[in-house]
Amino acid sequence: MPNDLTAAQAEQQKRAYRVIGTPRQKVDAAAKVTGALRFADDLVLPRMLHCTLLRASLPHARIVRIDTTRAAALAGVVAVLTGEALPIPFGILPITQDEHALCIDRVRFVGDPVAAVAAVDEDTARAACDLIDVEYEALPSIGSIDQALTTPEPQIHDYADEGNVHKHVALDFGGVDEAMRTADLVREDVFFYEGNTHLAMEQHAAMAEWSTDGRLTLWTSTQTPHYVHRAVSKVLQMPPAHVRVIATPNGGGFGGKSDPFNHEIVVAELARRTGRPVKICLTREEVFYCHRGRHPTLMRIKTGVTRDGRIVAMDFSSVLDGGAYGSYGVASMYYTGALQTVTYQVPTYRFRGARVFTNKPPCGPKRGHGTPQPRFALECHLDKIAEQLGEDPAAWRMRMLQPPQSITANWLRIGSMGLGPCIETVVRASGWDAKFRQLPFGRGVGIACSSYISGAGLPIYWNSMPHSSVQLKLDRSGGVAAFCGSTDIGQGSDSVLAYCVAEVLGIEPVDIRVVTGDTDLTPVDLGSYSSRVTMMMGHAAIQAAERARALLARAAGERLGIPADRLVFADRRVFDAEDAGRGVSFAEAVQLAETRDGAIGAVGSYTPPRSPGRYKGAGVGPSPAYSYSCAVAEVEVEPETGIVRVPKVWIAHDIGQAINPLLAIGQVEGSVYMGLGEALMEEMTYRDAERRLVHHHPSMLEYKSPTTFEMCDVESYLIEAAEPGGPFGAKEVGQGPLLPIPPAVANAVYDAVGVRIDEVPCAPHAVLRALRDKTRGKEPRYGPSSFPDYAFPEPTLIRTPAQGGDGREADHRPHSEVGGPGRAG
């Protein structure tokens with residue numbers, strides 16, 4: 001810093017961000033582009049063995065007998081493992097501990113692992129798996145939502161709420177039936193959202209090593225080392241303090257590496273039994289069968305509006321095909337009903353949801369976790385209502401926005417709310433007013449909005465401890481080490497950690513050594529899911545850095561004879577705000593502090609504020625802050641082939657404050673890419689039950705996702721109006737921008753050729769079918785024709801804030817007796 005800096009300039013610099021909000025390269029960028037970064041499958045240890053898994057060939061069967069004799073006798077095989085060796089079940093949610101590392105008595109989908117081999121090389125291990133004899137007794141299998149709802153026996157899991165309905169819920173906020181009767185227009189639609197997978201470039205891999213003192217180290221490509229640590233400790237019956245989980249650099253996750261997986265536990269046990277390191281890297285086909293991706297979801301939505309366009313009631317129902325295991329599924333189900341209220345004013349709202357078990361690979365959290373499906377349904381449904389009302393869909397949305405600093409009907413606390421500027425921005429940029437309903441046949445535009453959480457308000461295992469913590473170590477050379485249990489899955493969270501600490505301490509990100517995702521070295525962070533890391537780790541990092549800065553300021557202030565609160569930390573110096581020439585270097589400040597107080601370190605942590613909701617089920621949906629997005633998609637539809645092309649998307653995202661705008665734009669455009677894939681072509685589909693529910697296309701060649709030829713031009717905008725509850729005002733950007741893409745595309749298809757595609761992907765055959773029906777005078781639509789006649793439980797009534805509720809469950813008296821919407825205060 002120049003010594004002739006004026007006091008006013010110094011004060012201005014004191015207030016302004018130096019690191020935050022500026023485009024910078026990631027802290028691991030050089031290692032990634034040079035290939036120096038070592039992923040899990042790059043790791044090699046002396047005497048290492050290779051593991052492969054034998055997986056079930058039937059979707060549902062009892063295991064009668066497993067004979068591993070021939071496999072164990074094969075030269076090069078060191079150990080063979082079956083389920084009896086690992087009888088303790090595990091899972092990600094405390095209420096769905098329903099998986100075994102290797103199946104013991106029953107397999108529940110094609111791909112369920114039944115045995116494992118450790119051998120001197122991968123080919124030998126695979127050959128040994130082929131020598132394992134498994135005798136099955138086939139059981140009836142279930143392959144669809146309808147079949148699961150109508151086939152209670154045999155139960156895939158006996159802990160289900162009923163039959164093969166894993167979980168169901170019914171919540172009524174404010175009394176929807178009464179409010180619906182006050183509507184001038186009531187519309188009901190049914191939608192289907194196909195399942196799809198994460199398609200991370202890196203396949204799942206893990207390696208385990210057992211030390212001579214009985215301690216386990218597990219390296220794994222995971223998004224949640226904390227929860228893997230829990231699962232491994234539980235299944236192996238080990239003290240958690242003797243288990244070390246290291247999250248290796250991660251070649252993409254998108255939610256697909258959020259569960260603890262059986263292969264991680266298996267290699268740990270094989271390492272214990274063999275006394276040698278054991279590694280596994282799943283094949284791409286295995287990754288498809290591990291899945292944990294988007295739930296196929298059938299939805300019904302009914303909305304009542306007044307003539308002037310006010311929503312008076314909304315009734316939303318969903319049934320999710322969960323596959324064979326619980327995974328995050330209960331949370332996924334709740335999420336399909338949670339966030340409809342945070343974008344638009346919905347004074348009364350009812351959500352009924354169910355998740356069913358089927359004999360297919362288990363579904364779980366994929367980018368957006370349970371919210372892209374209902375957002376597709378809601379935004380397409382609103383587009384239809386706007387047309388019935390004669391409203392411009394963009395202008396109508398602007399009039400309905402949920403106010404900032406409010407509480408929704410289902411008791412979600414809204415902080416900052418930038419959806420209005422998002423809509424205005426993409427409408428202006430896309431030339432919406434000149435295009436909507438005015439382009440020639442075959443071309444059209446569609447608009448959709450969305451919102452997403454900046455981390456969940458509650459941890460998976462409910463407790464009062466922090467969701468994230470950061471520890472800093474400052475050394476006398478001026479270097480800073482930042483420790484956190486978070487995992488960088490490509491979103492740049494390691495860089496965010498460095499940026500936050502550097503901003504507070506007035507140094508450069510390159511001065512900071514980042515150590516993350518190591519359960520032995522780093523304080524707990526719950527993992528990279530729910531777009532929580534920047535929000536929670538960021539707060540923890542700021543708190544830790546501010547505490548360290550206070551130590552340095554006190555020591556430097558004493559040496560300089562300046563009050564500590566008058567010191568500025570910038571440009572690797574600590575100096576007087578009123579006389580920039582008076583100061584010391586950052587390293588000297590650390591030395592002064594160490595001389596005064598001993599070794600310098602500081603910790604910080606973050607726990608989200610408590611949600612106002614107190615009813616059962618209120619734990620899914622609350623967040624410290626909600627981001628908002630709006631997108632306009634322009635499409636070209638070939639009426640002869642049904643092929644939909646998307647030449648351009650305009651998208652604006654309310655991020656609060658971009659920590660690094662370059663990375664934020666990357667997240668936005670990555671979301672557009674993934675949303676485009678889901679809108680047009682991606683689907684996890686299986687052959688029918690008679691053909692064993694085998695995956696149609698479990699390979700990168702056959703599973704269709706956009707290439708560079710299908711990727712559209714993207715014009716991205718960041719809407720920055722700082723969120724008071726966010727670190728430096730930041731909100732999420734990792735998942736929310738995906739949500740508006742599929743409905744914007746579907747709405748644009750209608751604008752282009754006048755047919756409604758109420759199902760994704762919007763495949764050519766769907767468009768052609770709808771166009772053919774249109775020419776025949778039938779309803780110009782493709783999608784599900786009905787919703788299952790399933791008896792949801794009696795809804796729990798919760799009074800809304802406008803009705804004077806307290807966030808708790810009300811009784812079931814008629815709504816008129818507990819306060820209807822007309823009595824809102």
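These legends walk through several close-up views of the structure above. The model is predicted, so local features need pLDDT of at least 70, side-chain atom pairs count only at pLDDT 80 or more, and totals for chains, interfaces and linings use all residues. Residues are numbered from 1 along each chain as its sequence is written, and side-chain values use heavy atoms, with hydrogens and water left out.

**View 1. Seven strands line up in an open sheet with mixed pairing.** Reading across, the strand order is E3-E5-E1-E12-E9-E10-E11. Helices (H or I, at least four residues) and strands (E, at least two) are DSSP runs, numbered from the N terminus, and two strands pair if DSSP finds at least two bridges between them. Strand E3 (77–82) and strand E11 (243–247) are the edges, each pairing on one side only. On average, neighbouring strands of this sheet are turned by 20° against each other, direction ignored; axes are lines fitted to C-alpha atoms, for helices over the stretch in contact, and angles run from 0 to 180 degrees between N-to-C directions. For a look inside the sheet, find strand E9 (residues 205–210) and strand E12 (residues 278–281), which run antiparallel and are joined by four bridges. One residue to pick out is Ala205, whose bridge partner in E12 is Cys281.

**View 2. Helices H4 and H8 meet the seven-stranded sheet.** Helix H4 (residues 122–130) lies across strand E1 (49–55), E3, strand E5 (113–119) and E12, and it runs at about 30° to E1. Helix H8 (residues 262–274) packs on the sheet too, touching E1, E3, E5, E9, strand E10 (216–220) and E12. The direction of H8 makes about 25° with that of E9. Contact here means heavy atoms within 4.5 Å.

**View 3. Ser332 sits in helix H10 (residues 329–338).** Is Ser332 buried or exposed? Ser332 is buried, with a relative accessible area of 0%; buried means under 20% relative accessible area, exposed over 50%, and partly exposed in between (1.4 Å probe, protein chains only). The side chains of Ser332 and His369 make a polar contact at 2.8 Å. A polar contact is a pair of N or O atoms within 3.5 Å; within protein, one must be able to donate a hydrogen and the other to accept it, and residues adjacent in sequence count only if both atoms are side-chain atoms. Leaving aside residues up to four places away in sequence, Ser332 touches His295, Leu320, Gly364, His369 and Gly370.

**View 4. Salt bridges in three settings.** Side chains of opposite charge can pair when their charged atoms come close. A salt bridge is a side-chain nitrogen of Lys or Arg within 4 Å of a carboxyl oxygen of Asp or Glu, and the whole structure holds 54 of these salt bridges. Start with Arg397 and Glu379, whose side chains meet at 2.7 Å, N to O. Arg397 belongs to helix H12 (residues 393–399) and Glu379 to helix H11 (residues 372–389), so this pair ties together parts that are 18 residues apart in sequence. Both Arg397 and Glu379 are buried. Next come Arg582 and Asp576, with a salt bridge of 3.9 Å, N to O. Arg582 is partly exposed at 34% relative accessibility, whereas Asp576 is buried at 1%. Last, Asp806 and Arg808 form a salt bridge of 3.7 Å, N to O. Asp806 is partly exposed, with a relative accessible area of 47%, and Arg808 is partly exposed at 45%.

**View 5. Helix H19 lies across strands of an open four-stranded sheet.** The sheet has mixed pairing and the order E16-E24-E25-E26. Strand E16 (443–453) and strand E26 (713–719) stand at the edges with a single partner strand each, so one side of each has no neighbour in the sheet. Strand E25 (residues 644–654) runs parallel to E26, and seven bridges join them; in E26, the bridge partner of Trp650 is Glu715. H19 lies across E16, strand E24 (626–637) and E25, at about 160° to E16. In helix H19 (residues 741–753), 13 of the 13 residues are buried, so H19 is largely enclosed by the rest of the structure. Just after H19 comes Gly754, with a positive phi of about 75°.
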